[in-house]
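Please open the structure in a viewer and keep the selection panel at hand. The stops below are meant to be visited in order.

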Amino acid sequence: MTEDSRYGDDVGVVTVTYFSEDTIERFLDTLEKATEREVKVVVADNASVDGALEEVTRPRANVQLLDIGENVGYGTAANRGVAELDDRYGWVVVVNPDLEWEPGSLDALLDVATRWPRGGAFGPLIHDLDGTVYPSARLLPSFGRGIGHAAFAKVWPANPWTRQYRQETGTPVERVAGWLSGSCQLLRREAFDSVSGFDTRYFMYFEDVDLGDRLAKAGWQNVYAPSASVMHEGGHSTSQASEKMLKAHHDSAYRYLADRHRGLAWKPLLAAVKLGLKLRLKLETR
């Protein structure tokens, strides 16, 4: 944190829920063992079964339930959750509720942050239920990498575009990445503010890619911190409306590329990308 920062050193945790009653209690229980610090948790709820989240959160003095009342999307809900934190909170974790913290993992993430004064976002090693490491620190997508990855990832997983994009290169090491998975990020609030948080035009998907790109352009670093480890169940909320989420993924992918390739010269290529994404969506939802 810079000397002129308006924020203190407290840590806030913001998790966005969408029918997440089955996972939120385990999330909160494991968070208690992830740090020795006192943290405030804001549960930004886009949708839940009536009364279910209140039953879990009410007995916990450090947890605030923010009932948004409608599904506004991930980034918008996360921004609203962050806005609930006062100026004591200079560090904010934005995290999915279907994640389980390893003991000491949040403290390990905060420890890494002390070594990177220009670090704006820090992402832990994320593994699946079976221990498989998820490639959560990647290069920013370009037309070449993006098209190659989209076209071949499912039929040829080891293709060079996917391997380059996902940055799966042996033993995970602490390093600067293009972007970090939005399923769990520690954010320096000063950095988050400098780019006005998540872009609310992204309903779901690519809001983390976009954030990483904008942080880097504002002079901050996205730091992969594999010394901190968490387990992500994955897909719990999006499974509630899979076809809708697939469409959101394709819409967000197009928005990301279109935002960064403006002008008449790019329009033919963008039109081809839009058509390709539309065809890919039809194939995946058949």
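The tour passes through strands, helices and charged pairs in turn.

This is a predicted model, in which local features need pLDDT of at least 70 and side-chain atom pairs count only at pLDDT 80 or more, while totals for chains, interfaces and linings use all residues. Residues are numbered from 1 along each chain as its sequence is written, and side-chain values use heavy atoms, with hydrogens and water left out.

**Stop 1: the strands**

Select residues 39–47, which form strand β2. Helices (H or I, at least four residues) and strands (E, at least two) are DSSP runs, numbered from the N terminus. Eight of the nine residues of β2 are buried, that is, under 20% relative accessible area, with exposed meaning over 50% and partly exposed in between (1.4 Å probe, protein chains only).

Add residues 10–18, strand β1, which pairs with β2 in the parallel sense over eight bridges; two strands pair if DSSP finds at least two bridges between them. Here Tyr18 stands opposite Ala47 of β2. Next add residues 63–67, strand β3, joined to β2 in the parallel sense by five bridges. Ala44 has Leu66 of β3 as its bridge partner.

Now display the connecting helices. Helix α1 (residues 21–32) completes a right-handed β-α-β unit with β1 and β2, and helix α2 (residues 52–57) does so with β2 and β3. A crossover is right-handed if, with the strands pointing away from the viewer, the path from the first strand over the helix to the second runs clockwise.

**Stop 2: two covered helices**

Select residues 74–83, helix α3, where eight of the 10 residues are buried. Among them are Tyr74, Asn79 and Val82. Against which elements do the buried residues of α3 pack? They pack against β1, β2, β3, β4 (89–95), α7 (189–194) and α8.

Helix α4, residues 105–113, is also mostly covered, with seven of its nine residues buried. Leu106, Leu109 and Val112 are among those buried residues.

**Stop 3: Glu207**

Select Glu207, in helix α8 (residues 207–217). Glu207 is buried yet has no salt bridge, and the nearest side chain of opposite charge, Arg214, is 9.9 Å away. For charge, Lys and Arg count as positive and Asp and Glu as negative; His and the chain ends are not counted. A salt bridge is a side-chain nitrogen of Lys or Arg within 4 Å of a carboxyl oxygen of Asp or Glu.

A polar atom of the Glu207 side chain lies 2.7 Å from the backbone nitrogen of Tyr205. Leaving aside neighbours within four places in sequence, Glu207 is in contact (heavy atoms within 4.5 Å) with Tyr74, Phe198 and Tyr202.

**Stop 4: salt bridges**

The count comes to 15 salt bridges. Select Glu32 and Arg60, whose closest N and O atoms are 3.2 Å apart. Glu32 lies in helix α1 and Arg60 in the loop between α2 and β3, so the pair ties together parts that are 28 residues apart in sequence. Glu32 counts as exposed at 55% relative accessibility, whereas Arg60 counts as buried at 14%.

Finally, select Asp210 and Arg260, which meet in a salt bridge (2.7 Å, N to O). This pair links distant parts of the chain, with Asp210 in helix α8 and Arg260 in helix α9 (residues 242–260), 50 residues apart. Asp210 is buried, with a relative accessible area of 2%, and Arg260 is partly exposed at 23% relative accessibility. Add Asp213, Arg214 and Lys217 to display the network of salt bridges that links them with Asp210 and Arg260.

Technical notes: Polar contact = N/O pair within 3.5 Å; in protein donor to acceptor, adjacent residues only side chain to side chain.
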